[in-house]
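Here is a short report on aromatic rings. Look at the model first, then read on.

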Amino acid sequence: MTTARRRSYGVKGAPYAFLLPATTLFTLFFALPIGYAVYLSFRKVHVSGLGLGSGARKEVWAGLENYTDALTDNELIDGALRVLGYGCIVVPVMLGLALLFALMLDSDKVRFAPFTRLAIFLPYAIPGVVAALMWGFLYLPDVSPFYYLLEKLHMPQPNLLDGGPLYLAMANIAVWGGTGFNMIVIYTSLRAIPAEVYEAAKLDGATPLQIALRIKIPMVAPSLVLTFFFSIIATLQVFNEPTTLKPLTNSLPLTWSPLMNVYQDAFRKGDIYQAAAEAVIIALATLVLSFGFLRAANRRQKQEAAR
């Protein structure tokens, strides 16, 4: 083989060599676990007699039995409905605040922009469990300074860890922690808009509010779609907040969210096969909702571009 041919093979194989570490990690820690979960979802344990002896318990093919049980599980369905209500609060409020903060930071009149940007983003750097635990103690009447001030001012002291306010309490944790990340994504998109666009709008007599509504927001629509996509996934996978707040209140069931129900089935009941089927269903629901929204958003953008 000539030297030139060896060099040609080396150049062609270089991209695959660079991709090999990422491909290996993806296969070992993402593709294989998903495949194993799918495999377990079609299996179950068959118990013979009293379940004693070496051959009394064996793994057998279950078909769609685990999926049928999961789809008729009232706890899983109730958890999905609770997460739906939780998401209806979290996603609009979080993205609305993120867009508002990004527009304010992009204004020419804003002061201390680097510090303000860091202050808004900082809660995102705090781990979710730590944030939920911190807010949980702030919600407890016995230790919260807010309840102490309300008592001194002779004002009502709502119980945020019981009933309807519980949704608002958990939504507040998610909004507090996720707004900064979404704000950075939208703000970065705003900074990429050419200054000539704003100058032309100002020459036409547009006010700052008109520029924000008619120029900035439409031009950062792809970033809004992206943040909405991430927010949907995070909402459907909510686990840290309710799990961390559970020891602080009796109003939170152990199966408050679908992922909590999966955890209970896998580690408390020991039924990893049922839990695997539930996890696959949740993953498919997340995939369908996310890509369904992306497809609808892309179709709308194409229609607007055609006009």
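Is F181 buried, partly exposed or exposed? F181 is partly exposed, because its relative accessible area is 27%, between the limits of 20% and 50%. Keep in mind that this is a predicted model.

## Counting the pairs

The model holds 15 aromatic pairs. One of them joins Y124 and F181. These two rings are stacked. Their centres are 5.0 Å apart, and their planes meet at 25°.

The partners come from distant parts of the chain. Y124 sits in helix α4, residues 113–125. F181 sits in helix α7, residues 165–191. In the chain they are 57 residues apart. Y124 counts as partly exposed, because its relative accessibility is 40%.

## A tilted pair

Y167 and W256 also form an aromatic pair. This one is tilted. The centres lie 5.8 Å apart, with 50° between the planes.

Here too, distant parts of the chain are linked. Y167 belongs to helix α7. W256 lies in the loop between α11 (240–245) and α12 (258–268). The separation is 89 residues.

How exposed is each partner? Y167 is partly exposed, at a relative accessible area of 25%. W256 counts as buried, because its relative accessibility is 2%, and buried means under 20%.

## A cluster and a charge

Y124 and F181 also belong to one aromatic cluster. Its members are F121, Y124, F181, F229, F230 and F291.

Another ring has a charge over it. The charged end of K216 sits over the ring of Y198. The distance to the ring centre is 5.2 Å.

Definitions and conventions
Residues numbered from 1 in each chain as written. Predicted model: local features only at pLDDT ≥ 70, side-chain atom pairs only at ≥ 80, totals over all residues. Heavy atoms only, no water. Phe/Tyr/Trp six-rings, centres within 6.5 Å; stacked < 30°, edge-to-face > 60°. Helix = DSSP H or I, 4+ residues; strand = E, 2+ residues; numbered from the N terminus. Buried < 20%, exposed > 50% of the residue type's maximum accessible area, 1.4 Å probe, protein only. Lys NZ or Arg CZ within 6 Å of the ring centre and 35° of its normal.
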